[in-house]
Amino acid sequence: MSMSKQEQLHSTFPGRAKQIDQILGFMGKPWTPSPPSLLINGNSSLGKTAVVKAVLSTMLGQKSPSRYAFLDCVECHTPRLIFEHAIYQFRNAPKETCLSKTGPSSSSSSGNIQGSLKVTMGDVRQGGNTGIANDKSRKRKRPSTRINHAWDKCENINEFVEWCRRICDDDVDTESADAEQQDEQRPPRGQHDTRYLVLDRAERLRDTAPTLIPVLMRLQELTGRSICVILITTIVWEKFRSKTGGYEPIILNFPQYSKNIYFVSSVVLSILEQDLPESEDKELYMRFADLVYDVFQRNCKDLNEIRHLIALLFPLYIKPVKEGKIQKHEGLKLHRHIQAYFVEAMDKLYLREISSTEWSERALAIASGSSHHKVDSSGHSETAPHRYVTGAPGSERAMMTAMDVQNTFDLPYYTKFILIASFLASYNPPRLDMRYFAKVSNQGGKMTKRAKVSAAKRHGHDQLGSKLRQQLLGPKTFPIERMLAIFYSILDEDVEENIHVHTQIASLVSLRLLQRITPMDKLDSIKCKCNVSYDTIKALAKSTKFDIDKYLYDFV
Amino acid sequence: MATEELISMAKSAILARLSEQSLPPYLVGIEEQYKKVLGLMKRTIEMGESNSCLLMGPRGTGKTMIIHQALQDLEKQFRIPAGQTISDQDMELDSERKDFMVIQLNGLVQTDDRMALKEIMRQLSREGESEMDTSTTFSDSLPSLMSFLKAGTRAQYPIIFILDEFDLFAQHTKQSLLYNLFDVAQSAEWPIAVVGVTCRMDALELLEKRVKSRFSHRHYYTYPPRNFYDYVEVCQNALLLSQKDLDICQDDDAYMDIVWNSDLKAKAAFMNEFNRRVRSLFEDGGFSKIVQRIFDLMKDVRGFYRLCFGPVAELSKDNPYLRPSQFYETGLQQRVDNKTELLKGISLLELSLLIAIKQLVERETVTFNFEMVYDDYKDFMDMAVVRGSGGSSDGVSLRLYKKAVALKAFEHLVEAELLRPADVSSKGPKEYRMMRVMLDSSQIADVVLKHRDCPTIVARWATRRP
């Protein structure tokens, strides 16, 4: 019986057989002593949470007062929440979680791609955690509907330790009743089943209470009962150690999935295969998944991100096939067709500059727009496919850049110059202001390269473009007077009313484009920092036809 | 020969020892300290003498084990089993047999005096010895506890207080719990023994003057195993099976049965064979090298225990005995640097950023920001592209990622706590926030070598001296 469970787990989680066996080995029979604490360690999206959850729910899921509690430390951000949730879960039957729900195959069930995409995103981004949270909060509000125990209060570690003892002892009685029905080996008398307390994203535990981690590590010793604490985290154990030390957990490392090109059975691809939408060609899908993984794994090993990208990009990939413009087997053509989208996806989608629904809507709109075009101008049908393959991404790119411009806010004319002036004040050394901005100087604003180099030498820098230039170090603070001087210098016309300039500065500060360093109640000698990036200021300068590069010292 | 049941019994017994749920058959290297602590507790129980002592030593040297062992022995000797009526023939023995109470507190759990007091009340009332109402406030319950304790005479039940993580109790405000406990111990009204356990060698210095003067200044030290032989003996003890583990009766009457009872015979044979294998395990060269290495590194028995969990859990009907080969892999696993393991799975872009950081650090730019790292990365990529080797020397094309993509990778490194902000309150754009790297440059070089798909040009960049 347990063998089949093990095999089932192995098949659900490709490439994780060794880790599953190790965890199962540590668990052993329900009543065998377990290690006091385990630390499961690995990069994000390597199936740590899913594996632990599935192992526990398949092995212990049927037992009625739950043998395990699964908590997320982001959700339970105070010790009290951790204790109360743990007690609640231990005293009630486990939630009906089956393998198919927790496994990575969860999102592929619906045939509709759009639908499956939404499920994927919900599942992928939240890791299914919101589901738990909602579930729990619902239960908390109406404790009488689904449960036999009310919500128990537990405020501190002391009470929690006592609760743990009580929970384990409660069960010795029920178990002996249980054992008669089961024909498995009977546990020794007086022994209770091991309880598992799983804490996901355990790195957050460090922020809660200083003694919490040492206590959890030796909960078994403190309670005198068999309780195993499993921490799941992305960071190394060294970061958890407290000042006086404590019990060290057994560390279990989840390595990165491998994609070995020489073998057909690649772990990554078999994981991605589980997302295969129904009614889609498997071979085509796998080819696409392979392609996406190869393109994106250079900067992103997160499989969830890649699944997300595949789900979004696949409709675009198969669109020409569905429309009959490109045959399935014409891999190169398809590749060329999708290539342009990859660049867009990298910039926009991967960085989440726009939401994925927005992106897919727009991409599909463009694609269908071009097909509309084809329908309309059915006379030129022979040019249409060509137009589609190369034209669509191009028009999309135009739209994206338009969007970027929209993103950059528009400011009044003088305010733009104030911002430019403060950028110059933040990044230029004050000593060189004379050279750049003095109006009497005949070479004002026209500092030659040689002059720059000599200026640099005089100020102790070896050369321009060094690794410690201001461009890299970030903005410096400047007195507002200096900025104003630069402002009047770079502005050719006269600004008569000084008061408006100061209002503009105030509004820039409130927009967070300028950062005020001196406290707000200090009205004299204000000091500021420019909070704007070089790219933004360049766009701004361009819109005012101001050549900012001429005035910047030591910029690359 | 070895049945399923026997193996699972053996496994349970060994795992219980490894997880420190049960005690080893005998103590090694700390017999002296054990005798002293036991004697102290015994005197409290037998003579009604009040005592206090402090047990100090590094973690994993057996302090808690001494306490548990002592309590277990006392239990056997003095505890009157519940429900047993004193028979006539025991009358003279009765004067020696005395019941006693144990109150165990832990500084990690009882984080303030109020909680500790509540816990004392709870443990007292559980033992059925006090009918005090558990008043809620500290100021109410402390006097009632104290009056309860002080009202007693020497004839009362002795109480043994175990204060684990003693140093944390000393950090409570005013140390009122410690003061009162030591005060009761000193005034010799109710026989109590206060045993503090701590891993801080300077725990005594933490005590206030008034508390310190009431402490008896008895302290015992535990040390890690002095030499390798002691260490091996401790390790071996945990793995060897004893007769108790397999439910083999030790009574003389039963011994006669063993000869006839085939079931017990099989058990005894399995035990002997298992123990023989364990002993030969420690003679194995590779295995003892692993043990030696743990001993050299930390002298901590728990290090060995952690190593054993996996192999012991693997015992099954087909593999009833421990084999040295099982330990080789787990030994290796323990030795790996977890950070390097974690880093093996990062993407090429993240690796490139780490190499850039390494270059910066080697140029003695210890604190850096994202812009500096990106600038270095960009320089390298420009060079790689100019040389043309970025194209297809490894069949992969290197490409310069945009700043925003690189920033995301950089933030991932921060999230994994491989980078840490250099100053606490840093304002301003995050690209310019100064960072420190939490890795050694040799670790980075190591990762580059081990990374699965790192192009040679990037690897060469990593080894280049600035």
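## Exercises on a predicted two-chain model

In the predicted model, Pro479(A) faces Lys527(A), a residue of β8(A). The exercises below start from this pair.

**Exercise 1. The sheet of β6, β7 and β8 in chain A**

Determine in what order the three strands of this open sheet of chain A are arranged, and which of them stand at the edges.

*Solution.*

Step 1. Consider the pairing of β6(A) with β8(A), the latter spanning residues 527-530: two bridges connect them, and the sense is antiparallel.

Step 2. Turn to β7(A), which is joined to β8(A) by three bridges, also in the antiparallel sense. Within this pairing, Arg516(A) has Cys528(A) of β8(A) as its bridge partner.

Step 3. Combine the pairings: the order is β6-β8-β7 in an open antiparallel sheet of chain A. The edge positions belong to β6 (478-479) and β7 (514-516) of chain A; each has a single partner strand, so one side of each lacks a neighbour in the sheet.

Step 4. Add the helix that packs on this sheet: α18 of chain A, residues 413-427, touches β6, β7 and β8 of chain A, and its direction makes about 95 degrees with that of β8(A).

**Exercise 2. Strand β1 of chain B**

State which strands of chain B pair with β1(B), and in what sense; then decide whether the faces of β1(B) are covered or open.

*Solution.*

Step 1. Identify the partners. Strand β4 of chain B (residues 192-198) runs parallel to β1(B) and is joined to it by six bridges; β5(B) is also parallel to β1(B), with three bridges.

Step 2. Locate one residue pair in each. Asn51(B) has Ala193(B) as its bridge partner in β4(B), while Leu55(B) lies opposite Tyr220(B) in β5(B).

Step 3. Separate the faces. In a regular strand, side chains alternate between the two faces of the sheet. In β1(B), one side carries Asn51(B), Cys53(B) and Leu55(B), and the other carries Ser52(B), Leu54(B) and Met56(B).

Step 4. Assess burial. The residues on both sides are all buried, and both faces are therefore covered. Accordingly, six of the six residues of β1(B), 51-56, are buried.

**Exercise 3. Two positive phi values**

For Arg201(A) and His217(B), give phi and decide whether each residue is buried or exposed.

*Solution.*

Step 1. Recall the expectation: most residues other than glycine have a negative phi.

Step 2. Examine Arg201(A), whose phi is near 50 degrees, a positive value. Arg201(A) belongs to the loop between β3 (195-200) and α10 (212-217) of chain A. With 22 other C-beta atoms within 10 Å, Arg201(A) is buried, since the threshold for burial is 20 or more.

Step 3. Examine His217(B), whose phi is near 60 degrees, likewise positive. His217(B) lies in the loop between α9 (209-212) and β5 (219-221) of chain B. Only the count of neighbours remains: 10 other C-beta atoms lie within 10 Å, and His217(B) is exposed, since the limit is 12 or fewer.

**Exercise 4. The contact between the chains**

State how many residues each chain brings to the contact, and how the side of chain A divides by class.

*Solution.*

Step 1. Count the participants: chain A supplies 53 residues and chain B supplies 52 residues.

Step 2. Assign elements. Those of chain A that each supply at least two residues to the side touching chain B include α2 (17-27), α9 (157-181), β5 (250-253) and α15 (331-349).

Step 3. Classify this side of chain A: 22 residues are nonpolar, 22 are polar and nine are charged.

**Exercise 5. The nonpolar cores**

Name the residues that touch the most other members of the largest nonpolar core, and the helix that gives the largest share of this core.

*Solution.*

Step 1. The core has 172 residues, of which Val198(A), Ile230(A), Ile310(A), Val37(B), Phe161(B) and Val195(B) touch the most other members.

Step 2. The largest share, 10 residues, comes from helix α14 of chain A, residues 303-322.

Step 3. Apart from this core lies another, of 41 residues, including Ala406(B), Val437(B), Leu439(B) and Ile444(B).

Step 4. Return to Val37(B): leaving aside residues up to four places away in sequence, its contacts include Cys53(B) and Leu55(B), together with Val195(B) and Tyr220(B).

Definitions and conventions. Residues are numbered from 1 along each chain as its sequence is written. Chains are lettered from A and ligands numbered from 1 in the order in which they are written. This is a predicted model: local features need pLDDT of at least 70, side-chain atom pairs count only at pLDDT 80 or more; totals for chains, interfaces and linings use all residues. Two strands pair if DSSP finds at least two bridges between them. Helices (H or I, at least four residues) and strands (E, at least two) are DSSP runs, numbered from the N terminus. Two residues are in contact if their C-beta atoms, placed from the backbone, lie within 7 Å. Axes are lines fitted to C-alpha atoms, for helices over the stretch in contact, and angles run from 0 to 180 degrees between N-to-C directions. Ala, Val, Leu, Ile, Met, Phe, Trp, Tyr, Cys and Pro count as nonpolar, Asp, Glu, Lys and Arg as charged, and the others, Gly among them, as polar. A nonpolar core is a set of buried Ala, Val, Leu, Ile, Met, Phe, Trp, Tyr and Cys residues joined through C-beta atoms within 7 Å.
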